[in-house]
Amino acid sequence: MQTNLLSQQFNASFLLENSTACPANATICDGTSCVLPDDNFNETLSVVLSTVLTILLALVMFSMGCNVELKNFLAHIKRPWGILVGFLCQFGIMPLTAFLLSLAFNVLPIQAVVVLIMGCCPGGTASNIIAYWVDGDMDLSISMTTCSTLFAMGMMPLCLFIYTKMWTDSDAIVLPYNSIGISLVALVVPVSFGVFVNHKWPSKAKIILKVGSIVGAVLIVLIAVVGGILYKGSWIISPKLWIIGTIFPAAGYSLGFLLARVAGLSWHRCRTVSLETGMQNTQLCSTIVQLSFTPEQLELMFTFPLIYSIFQLLFALLILAGYRLYRRHRVKTKTDVEKTEQKEDSKSKAKTNGGFVSDEIK
């Protein structure tokens, strides 16, 4: 009898140690899909990394401000046609696109809500960095990011009230106005210092801008990697959310560019509006989701902001690569045309100076 009891205890202990089920401290369990509570180490690491990344982002935005001309920035504010187009893209196209994608893929109500929250978020600061690399209008880019973050205080509740009524009560969604305010301050203050430096010491501002643009490009990738490492929980979510997370940013970039072109904006401003439309503030979306829903609900949708972040970065890099290839081809073609014209012009002059043609033209 005692032998059988010991055998049962051993078997139970062996199964417990070798089981693939969720740990006992998991907050959500579904087979092998688990969401674990944050441990002290990861919480401390997250705070440290968030602090470092915030400081780096402030420095990058300071460098971006070094490329802003105060008179051009004020001109966008006084004649806000570009800002109005961006506003329509940000709080018109993106929420509507999120609504239509949720209907088209017939996702669960809670999943539709997170897609809509992403669509209603203001533009992210990463768009300013990419806009610099694609020769966009930096004055317009920063003014659009600033204005969309400011307008989000009122437009996010309005858009969520309009579009989420068929899935949930909009009062259940908690908007972190303090986070929006912090994002606004973190954008405006360093950019303002950068504008001041560019006004006072333009030569030094150019050096700061070159260094900051490189650091910014590295920082965008670093934020995506850190987010992937620290993001807790299962990646086993509905394939529909993966598909929406792929289509959504691509639609934002495309529709933003198209609307800007229809509105008569120049090509470099069309690129700027496109980036400002497609690149959302995914950190804000994550904060809203964490504050608004229970752990059981989070299991169905909490990784969507990170999925969107990955694909918005991927498409932005593809846009950057495509633009750089186009620019290189265009400059090369333009140079060849100029050389041909110069050669023909020299030959025509040679008829009047005794037939001499320079060796460099030959």
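Serine 274 touches Gly252, Tyr253, Gly256 and Phe257, leaving out residues up to four places away in sequence. You can find serine 274 in helix α11, which covers residues 267-278. Is serine 274 buried or exposed? Its relative accessibility is 7%, so serine 274 counts as buried, because buried means under 20% relative accessible area. One of the residues that serine 274 touches deserves another look: the backbone oxygen of tyrosine 253 lies 2.7 Å from a polar atom of the serine 274 side chain. Keep in mind as you explore that this is a predicted model.

Now step back and take in the whole protein chain. It has 14 helices and 2 strands. Of the 362 residues in the chain, 42% are buried. The chain exposes about 19700 Å², and carbon and sulfur atoms supply 66% of that area. How do the contacts relate to the sequence? Among contacts between residues at least 6 apart in sequence, 81% join residues at least 24 apart.

Helix α12 is a good next stop. At its start, a side-chain oxygen of asparagine 281 reaches to within 3.1 Å of the backbone nitrogen of leucine 284. Which residues of α12, which runs over 282-292, are buried? They are Thr282, Leu284, Cys285, Ser286, Ile288, Val289 and Ser292. So leucine 284, the partner of asparagine 281 in that contact, is among the buried residues of the helix, given that buried means under 20% relative accessible area. Serine 286, another of the buried residues, leads us onward: its C-alpha is 8.6 Å from that of threonine 303, with their positions 17 residues apart in sequence. Threonine 303 lies in the loop between α13 (295-298) and α14 (304-350). With 1% relative accessibility, threonine 303 counts as buried.

Let's move to helix α7, which spans residues 138-163. Cysteine 159 is found in this helix. Its relative accessible area is 4%, so cysteine 159 is buried. What does cysteine 159 contact, leaving aside its neighbours within four places in sequence? The contacts are with Phe91, Pro95 and Cys120. Another cysteine to look for is cysteine 121, which is 38 residues from cysteine 159 in sequence and 9.8 Å from it in space, C-alpha to C-alpha.

Follow the chain on from α7 and you reach threonine 164, in the loop between α7 and α8. This loop residue has 0% relative accessibility, so it counts as buried. The side chain of threonine 164 reaches the backbone oxygen of leucine 160 at 2.3 Å.

Next, let's look for empty space. Rolling a probe the size of a water molecule over the atoms shows where such space is left. How many cavities of 30 Å³ or more does a search of the whole structure find? It finds 1. About 80 Å³ of space lies in the largest cavity. The elements that give two or more residues to its lining are α4 (81-105) and α7. Its lining residues are Ile83, Gly86, Phe87, Gln90, Phe91, Gly123, Met144, Thr145, Cys147, Ser148, Phe151 and Glu276. You may recognise Phe91 in that lining, as it is also in contact with cysteine 159. By type, the lining divides into 6 nonpolar, 5 polar and 1 charged.

Helix α7 also takes part in the lining of the second largest pocket, where α3 (70-78), α7 and α8 (177-200) each supply at least two residues. The largest share, 5 residues, comes from α8. This pocket holds about 160 Å³ of space. Its lining consists of Val68, Leu70, Phe73, Leu74, Ile142, Thr146, Leu187, Val188, Val191, Ser192 and Val195. What kinds of residue are these? They divide into 9 nonpolar, 2 polar and no charged.

Finally, have a look at the backbone in two loops. Most residues other than glycine have a negative phi. Asparagine 106, however, has a positive phi near 50°. Its place is in the loop between α4 and α5 (109-120), and with 60% relative accessibility it counts as exposed. Aspartate 135 also has a positive phi, near 60°. You will find aspartate 135 in the loop between α6 (126-133) and α7. At 29% relative accessibility, aspartate 135 counts as partly exposed, because that class lies between the 20% limit for buried and the 50% limit for exposed.

Key
Residues numbered from 1 in each chain as written. Predicted model: local features only at pLDDT ≥ 70, side-chain atom pairs only at ≥ 80, totals over all residues. Heavy atoms only, no water. 1 Å grid on protein atoms, 1.4 Å probe; cavity = no way out; pocket = protein on both sides within 12 Å on 5 of 7 lines; lining within 4 Å. Points joined across faces, edges and corners; volume = space filled by probe spheres on them. Helix = DSSP H or I, 4+ residues; strand = E, 2+ residues; numbered from the N terminus. Nonpolar A, V, L, I, M, F, W, Y, C, P; charged D, E, K, R; others polar. Buried < 20%, exposed > 50% of the residue type's maximum accessible area, 1.4 Å probe, protein only. Contact = heavy atoms within 4.5 Å. Areas by Shrake-Rupley, 256 points an atom, 1.4 Å probe, with all protein chains shown as cover. Polar contact = N/O pair within 3.5 Å; in protein donor to acceptor, adjacent residues only side chain to side chain.
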